[in-house]
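Visitor: Please take a close look at a single part of this model and describe how its elements are arranged. I should like each term explained where it is used.

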Amino acid sequence: MTSRDIRQSFLDFFKSKQHEIVRSAPVIPADDPTLLFTNAGMNQFKDVFLGTGKRPYKRAADTQKCIRASGKHNDLEDVGRDTYHHTFFEMLGNWSFGDYYKEEAIGWAWELLTSVWNLPKDRLYATVYHDDDEAFEIWKNFTDIHPDHIQRHGKKDNFWEMGETGPCGPCTEIHIDLTPDKSGARLVNAGTPQVIEIWNLVFIQYNRNAQGELELLPAKHVDTGMGLERVAAVLQGKRSNYDTDLFKPLLDRIVELTGVAYAGSLEKETDVAMRVIADHIRALSFAIADGATPSNEGRGYVLRRILRRAVRYARSLGQAEPILHKIAPTLADAMGDVFPELVERQSAIEQIIRAEEENFLETLDRGIQIFSDIAAKVKSENQTIIAGSDVFKLYDTYGFPMDLTRLMAREIGLSIDEEGFERLMKEQKERARKDRKRKMAQGDDGDAQWVKLSSGKDSVFKGYASLCEKAKIRWAKKTDDRLFLVLDKTPFYAEAGGQVGDKGVIESGNLILRVIDTQKEGERIVHVIDRVAEASGKEIDVADLDFSMLAKDVVAKVDAEARLCAARNHTATHLLHAALRKVLGEHVQQKGSLVSPERLRFDFSHFEKVSEEQLARIEEMVNEQIRSAQKVIKHENVPFEEAKRMGALAFFGDKYGDVVRVLEIPNFSIEFCGGTHLDNVGQIGTFKIVSESSIASGIRRIEAVTGKAAEDLFRKEFAELQTLKRMLNAQSEEEIPAKIEKLLDEKKALEKQLEKLRAEVAAAQLDSLLNQAAEIGGAKVLATEVRAASADELRLMGEALRGKIKSGVALLASVIEGKVSLVATVSDDLIASKKLQAGQLIGDVAKVVQGGGGGRPQLATAGGKDPSKLSEAFNLFKSLAQQRLN
């Protein structure tokens with residue numbers, strides 16, 4: 001049976017058992033913060049098992065895309081080293097949501113394996129949880145498995161948990177004995193390819209909470225999972241998953257690209273490398289197809305580790321150029337009919353992988369050399385552990401993930417100090433966190449304590465509908481130059497989601513308090529005040545302010561113009577995000593943003609520079625939407641699941657409550673968002689991109705302005721254009737580029753003339769210098785100071801001098817901006833006959849003037865800090881030359 005036949009046979013079997021056949025969920029779970037990747041078929045049904053969600057069916061079956069390369073379920077280290085572990089795999093599964101239970105699940109599994117697929121019954125073993133007597137009796141009395149083939153095992157093997165928390169329960173596993181003489185009874189759960197697990201039937205009846213306690217679920221469920229790769233190997237009579245039709249096209253393509261033969265050996269390193277590459281290209285392609293991109297955080301970093309691991313293995317096959325992206329089309333051809341996203345996103349998959357390959361290859365060889373030097377030092381000291389500081393250096397400087405360094409170390413009999421590495425990583429993150437932590441409005445509230453001024457609920461946000469609210473002060477605290485207030489309700493928006501906090505005033509009796517920022521402190525909305533004044537204008541020093549001077553009843557007024565400008569930029573950010581995804585592809589995801597009244601900044605995942613043509617199209621698309629003057633729809637208090645069904649964008653790492661706010665621009669953009677926005681996109685006025693740049697590998701940044709800021713920019717640029725027009729005496733704006741190009745050509749011509757004049761002056765100077773040269777053993781020896789405007793000019797003089805000396809050695813020096821520049825030359829005959837080399841000579845001489853340098857035997861340059869030692873340097877040069885010439 002082909003893998004296609006096996007997959008379809010499984011689905012057809014359970015369809016005959018009244019199961020709904022559902023589509024695979026993406027490998028990127030958008031709504032589960034506990035998971036980086038979908039790692040089991042049941043992930044998409046987690047809410048059902050927890051009793052927080054429902055489906056219109058009680059039974060389901062599918063083939064689920066899974067990635068296990070991080071966290072509790074992590075098979076990365078085993079990939080390629082054995083025959084049956086993978087980072088990406090397909091999990092065939094069937095589920096019961098409070099419907100059938102153990103008897104049907106076990107009976108149908110046995111029926112499919114033995115009656116439909118005709119696996120030999122005497123080679124099958126069933127394991128059950130040690131105290132699950134019910135499952136044991138069902139196997140014994142409701143199937144014809146040999147009773148001796150039913151085994152009890154402990155929690156490690158027969159109690160299934162999705163993660164540290166979540167649904168779980170006892171399970172029964174089905175194993176197949178592949179030993180030649182059917183002697184595998186003692187090898188069940190022994191981690192050997194001779195007896196492997198092919199199907200796991202989980203009976204979910206508990207939820208493990210955050211305290212690690214087991215809680216009974218409202219209903220009992222069945223969750224089964226069977227790896228397609230493993231069962232395909234069994235049904236196709238292969239000893240390795242990599243020999244099945246799921247991997248053979250990939251391995252054939254790798255052989256074609258590398259010219260290295262594949263023998264299927266577990267010991268041969270080139271075979272291991274090929275298996276790793278074949279596996280990793282599957283994980284990368286499916287993850288990218290579902291919207292993930294390599295980066296330095298979260299799942300993006302897991303993908304970057306996988307990719308760089310594969311690149312290093314490709315390097316071990318002699319590949320110095322990118323090849324991984326060339327394998328992706330083969331995968332699309334092989335599996336695109338079942339998973340069309342591989343075909344739809346093929347171009348993006350190839351581009352992203354290629355860009356990542358090129359970036360890593362720039363530092364790979366140097367990193368390998370550094371690793372080799374470190375490893376040699378460790379071995380020379382009779383040690384076996386590479387220090388955490390060295391592992392961190394390879395990571396931080398050369399982009400080597402820790403597991404890649406561990407792999408390379410293991411290959412030469414060494415290990416790494418993982419604890420030391422993790423400690424340094426933690427210290428780096430802590431330093432970065434402290435650097436990022438902004439002192440509240442540039443004022444540190446230090447140890448100031450909150451003082452309660454009134455009782456009751458606080459921080460109720462009213463700012464979506466109002467910019468002015470009567471309120472009561474609940475809490476207050478102050479430092480020497482800042483006052484912090486918490487109100488019972490407020491129209492002030494606290495900084496969140498990239499949008500800066502509101503500014504404005506709070507009127508407290510006869511006092512006017514200037515609010516320069518609004519921040520969140522836990523659930524409290526904190527108003528940051530830097531100026532207190534009486535209505536008459538007299539200022540009161542914050543340090544002298546007594547809280548008794550504050551009226552408990554206040555009026556909070558947001559700066560309406562600043563809020564409107566921020567709303568323009570925030571709504572424009574949503575338009576920009578949607579336009580980026582439409583023009584560049586759906587792999588684009590927000591990675592950070594800033595929304596202020598003055599401008600907007602948007603960071604997003606993308607693998608290369610955005611071209612001028614693409615930027616123009618993005619800008620045009622946003623402005624088309626602005627001109628459409630569509631109403632902005634703000635969906636309030638939407639249940640999270642309903643928001644997802646609406647198509648609202650949600651991304652890993654974002655925190656969402658059970659009820660969310662959704663911002664929709666009809667037929668263009670729909671996103672989760674708690675920020676403040678316009679009522680109509682036409683209010684933006686106009687949108688202009690100011691810059692596009694890279695801020696990290698795989699992360700781009702666009703900065704833009706809207707409304708009046710965009711008008712000011714256009715006005716400024718137009719004024720500058722008119723100034724240029726006048727200065728260049730151009731009749732129209734169209735003439736300006738040609739006029740500037742003409743000026744640049746004239747500048748180049750003048751520079752060439754100047755260079756020629758300098759060369760003539762230098763030649764005259766050199767002729768004079770040559771007359772001063774001493775003659776030793778028939779060769780001229782010269783060491784002297786000359787005037788040069790730059791180190792480059794001095795080097796050109798050295799080259800010119802070398803052309804004039806038929807046989808000789810020379811050192812020219814010049815003091816430029818208080819530092820010494822040196823150039824040494826040696827004629828070809830002296831290099832050959834006297835073994836004189838400019839690089840060696842200048843290296844020794846430069847030390848005298850507290851410097852260093854080097855170069856070719858014919859010509860070398862150096863620099864130094866101490867001009868006072870020049871005469872000493874000249875004497876040394878002459879002495880060294882004389883020794884060789886005599």
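Guide: A crossing of two helices counts as left-handed if the near helix is turned anticlockwise from the far one by less than a right angle, and as right-handed if it is turned clockwise. By that criterion, helix 23 and helix 24 make a right-handed crossing; helices (H or I, at least four residues) and strands (E, at least two) are DSSP runs numbered from the N terminus. The model is a predicted one, in which local features need pLDDT of at least 70 and side-chain atom pairs count only at pLDDT 80 or more, while totals for chains, interfaces and linings use all residues. Residues are numbered from 1 along each chain as its sequence is written, and side-chain values use heavy atoms, without hydrogens or water.

The mean pLDDT (the predictor's confidence in each residue, from 0 to 100) of the protein chain is 90, and 96% of its residues reach 70 or more. Residues 436-443 stay under 50, and the model gives them 14 contacts beyond four places in sequence. Where pLDDT is low, the predicted coordinates should not be read in detail.

The helix pair comes next. Helix 23 spans residues 838-848 and helix 24 residues 870-885; their axes come within 9 Å and cross at roughly 150°. Axes are lines fitted to C-alpha atoms, for helices over the stretch in contact, and angles run from 0 to 180 degrees between N-to-C directions. The two helices are therefore roughly antiparallel to each other (under 35 degrees is roughly parallel, over 145 roughly antiparallel, 65 to 115 roughly perpendicular, the rest oblique). From helix 23, Gln-840, Leu-841, Asp-844, Val-845 and Val-848 are in contact (heavy atoms within 4.5 Å) with Glu-872, Ala-873, Leu-876, Phe-877, Leu-880 and Arg-884 of helix 24. Sorted by class, this contact comprises 7 nonpolar, 1 polar and 3 charged residues; Ala, Val, Leu, Ile, Met, Phe, Trp, Tyr, Cys and Pro count as nonpolar, Asp, Glu, Lys and Arg as charged, and the others, Gly among them, as polar.

The sheet beside helix 24 is described next. Its 6 strands form an open sheet in the order 29-30-31-32-34-33, with mixed pairing. Strand 29 (774-776) and strand 33 (851-855) are its edges, each pairing on one side only. From one strand to the next, the twist averages 20°. Strand 33 is joined by 5 bridges to strand 34 (residues 859-864), and the two run antiparallel; two strands pair if DSSP finds at least two bridges between them. One of the bridge partnerships links Gly-855 to Ala-860 in strand 34. Helix 24 packs on this sheet, touching strand 29, strand 30 (779-785), strand 31 (808-816) and strand 32 (819-826), and its direction makes about 170° with that of strand 30. Helix 24 thus has contacts with helix 23 as well as with these strands.

For reference, another helix pair may be set beside this one. The axes of helix 9 (residues 298-316) and helix 12 (residues 346-380) come within 10 Å and cross at roughly 60°, and the helices are therefore oblique to each other. Their crossing is right-handed. Residues of helix 9 including Arg-304, Leu-307 and Arg-308 meet residues of helix 12, among them Ile-353, Glu-356 and Glu-357. By class, 7 nonpolar, no polar and 7 charged residues make up that contact.
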